[in-house]
Amino acid sequence: SRGALSAVGASNADSNDECSRRNRSWQRNYERLSHFAKTHGHCCVSELLGSENATHDIKFIRWIRYQTHRLKEHKLGSVRPDVLTPLRADRLQKLDDVGLFDAKWKRMFRRLVDYRERYGNVNVHIQYPDDLGLGQWLCNQRRKISRTEPGHDPLIDRRRRRLEDIGVVFD
């Protein structure tokens, strides 16, 4: 029994070491992402793969994809403790602050702003021939934002305000 107790103690120490190692790894990746975002103005690390300036390895890109996957699972409420650890609120906030979850959205928003500057409105037809994805994206934003209760999701609330600021109307 003394041996059993020391085995439990060793097991807890191993578990704590593993947790600490994972926390340090997460922090290193976060700092790398934060530096990338400050340097490039976005978090689309994978866009630089294959370029001469690409210094980002595939493990880092996989980490970024995993974080966004965890966010999607969190938002869908389908987090299973045996499969996926929920994204901690403090980490979620840090990743949101650095702009990870907005990278693709911001690109599409910029295309919508360009459309507005060109045509004077944001009434993009779903099959707008000059940018086939833009109309569908706007339709999806209207649907997703309209279905989300205000105050329930700060990211959705912020996106709604930005779209309304340029003239998008929600039913």
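Helix α4 passes helix α5 in a left-handed crossing, and this meeting is a convenient way into the predicted model described here. The axes of the two helices come within 10 Å and cross at roughly 110°. That angle falls in the 65 to 115 degree range, which makes α4 roughly perpendicular to α5. On the α4 side, the residues involved are W105, M108, F109, R111, L112 and Y115. They meet G133, L134, W137, L138 and Q141 in α5. By character, the contact divides into 8 nonpolar, 2 polar and 1 charged residues.

It helps to step back and see the whole chain before going further. The protein has 6 helices and 0 strands, so that its pattern, read along the sequence, is α-α-α-α-α-α. Of its 171 residues, 33% are buried. Among contacts with a separation of 6 or more, 50% are between residues 24 or more positions apart.

Helix α6 also takes part in the packing around α4 and α5. Two packed helices are described by the angle between their axes and the distance between the axes. For α4 (residues 103-119) and α6 (residues 154-165), the angle is about 15° and the axes are 11 Å apart. An angle under 35 degrees counts as roughly parallel, and α4 and α6 are therefore roughly parallel to each other. Their crossing is right-handed. W105, K106, F109, L112 and R116 of α4 make this contact together with R159, R162, L163 and D165 of α6. Here the division is 4 nonpolar, no polar and 5 charged residues.

The pairing of α5 (residues 132-147) with α6 completes this part of the description. These two helices pack at an angle of about 125°, again with axes 11 Å apart. They are therefore oblique to each other, and α5 passes α6 in a left-handed crossing. From α5, the contact draws on W137, Q141, K144 and I145. From α6, the partners are I156, R159, R160 and L163. The residues of this contact divide into 4 nonpolar, 1 polar and 3 charged.

Two residues give a closer view of how these helices meet. F109 lies in helix α4, and with a relative accessibility of 8% it counts as buried. Leaving aside neighbours within four places in sequence, F109 is in contact with W137, R162, L163 and I166. One of these partners, R162, is 53 residues away from F109 along the chain, yet the C-alpha atoms of the two are separated by 8.8 Å. The second residue, Q141, lies in helix α5. Q141 is buried too, its relative accessible area being 5%. With neighbours within four places in sequence again left aside, Q141 touches W105, S146, L163 and F170. L163 therefore appears in the contact lists of both residues, since heavy atoms within 4.5 Å count as a contact.

The earlier helices can be approached through the nonpolar cores. The largest nonpolar core holds 19 residues, and L33, W63, L95 and L100 touch the most other members. The elements that give two or more residues to this core are α1 (2-40), α2 (58-76) and α3 (89-98). A second, separate core contains 18 residues, including F109, Y128, L134 and L163. F109, already met in the contact of α4 with α6, is thus tied to this second core.

Within the largest core, W63 and L95 can be followed in more detail. Not counting residues up to four places away in sequence, W63 touches W26, N29, Y30, L33 and L95. L95 has its place in helix α3. At 0% relative accessibility, L95 counts as buried, the cut-off being under 20%. The C-alpha atoms of L95 and L33 are separated by 8.7 Å, although the two residues are 62 apart along the chain. Both L33 and L95 are among the residues that W63 touches.

Technical notes. Residues numbered from 1 in each chain as written. Predicted model: local features only at pLDDT ≥ 70, side-chain atom pairs only at ≥ 80, totals over all residues. Heavy atoms only, no water. Axes fitted to C-alpha atoms, helices over the stretch in contact; angles between N-to-C directions. Helix = DSSP H or I, 4+ residues; strand = E, 2+ residues; numbered from the N terminus. Parallel < 35°, antiparallel > 145°, perpendicular 65-115°, else oblique. Left-handed = near helix turned anticlockwise from the far one by under 90°. Nonpolar A, V, L, I, M, F, W, Y, C, P; charged D, E, K, R; others polar. Core = buried A, V, L, I, M, F, W, Y, C linked by side-chain atoms within 4.5 Å. Buried < 20%, exposed > 50% of the residue type's maximum accessible area, 1.4 Å probe, protein only.
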